[in-house]
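Here is a short note to read alongside the model. Please keep the structure open while going through the points.

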Amino acid sequence: QVRLVESGGGLVQAGGSLRLSCAASGPSFSIWTWAWFRQAPGKERVFVAAIDRTGEQPSYTDSVKGRFTISRDIANRMVYLHMNNLNAEDTADYYCARSRYTTVTSMRINEFAYWGQGTQVTVSS
């Protein structure tokens, strides 16, 4: 059974940093693509960052490039999102997700089958 549990959200001032964590259970952690999505109030859930099975070429949405870093700890089955220089536009609920298949062709929501419950990030300006 696959279960994802996020933590690390909170209230932070603009320019500050947070690290989100995702604890994953289920088979074969390293063969999947892991991603973070976010959903701001009244808006759709959108892609933020992903790390594939190789771990060599993470991908990011343009608005977070240079500020956010996705990483994984295979031994401990953890996925992280390091967020620096946060701004008000980063305020959202952040969700960890696991890909449906071992190969991901895009970062559309339907490519990901398993989701955590979300962790809230609020950036005050």
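1. In what sense do strand 9 and strand 11 pair, and over how many bridges? The two strands pair in the antiparallel sense, over three bridges. Strand 11 covers residues 119–124. One position to look up here is Y94, which stands opposite T119 in strand 11. Note that the model is predicted.

2. Strand 9 also pairs with strand 10, which is made up of residues 112–115. This pairing is antiparallel and has three bridges. For an example, find R98: its bridge partner in strand 10 is Y114.

3. Another pairing of strand 9 is with strand 4, residues 34–39. Six bridges join these two strands, again in the antiparallel sense. Among the residues involved is A35, whose bridge partner in strand 9 is A97.

4. Why is strand 9 described as largely enclosed by the rest of the structure? The strand runs over residues 92–99, and seven of its eight residues are buried, so the description follows. Buried here means under 20% relative accessible area.

5. Now turn to S59, which lies in strand 6, residues 59–60. Is S59 buried or partly exposed? Its relative accessibility is 25%, so S59 counts as partly exposed; the cut-off for buried is under 20%.

6. Which residues does S59 touch, leaving aside its neighbours within four places in sequence? S59 is in contact with F47, V48, A49, A50 and M107. For F47, the separation from S59 is twelve residues in sequence, and the C-alpha to C-alpha distance is 9.8 Å.

Terms used:
Residues are numbered from 1 along each chain as its sequence is written. This is a predicted model: local features need pLDDT of at least 70, side-chain atom pairs count only at pLDDT 80 or more; totals for chains, interfaces and linings use all residues. Side-chain values use heavy atoms; hydrogens and water are left out. Helices (H or I, at least four residues) and strands (E, at least two) are DSSP runs, numbered from the N terminus. Buried means under 20% relative accessible area, exposed over 50%, partly exposed in between (1.4 Å probe, protein chains only). Contact means heavy atoms within 4.5 Å. Two strands pair if DSSP finds at least two bridges between them.
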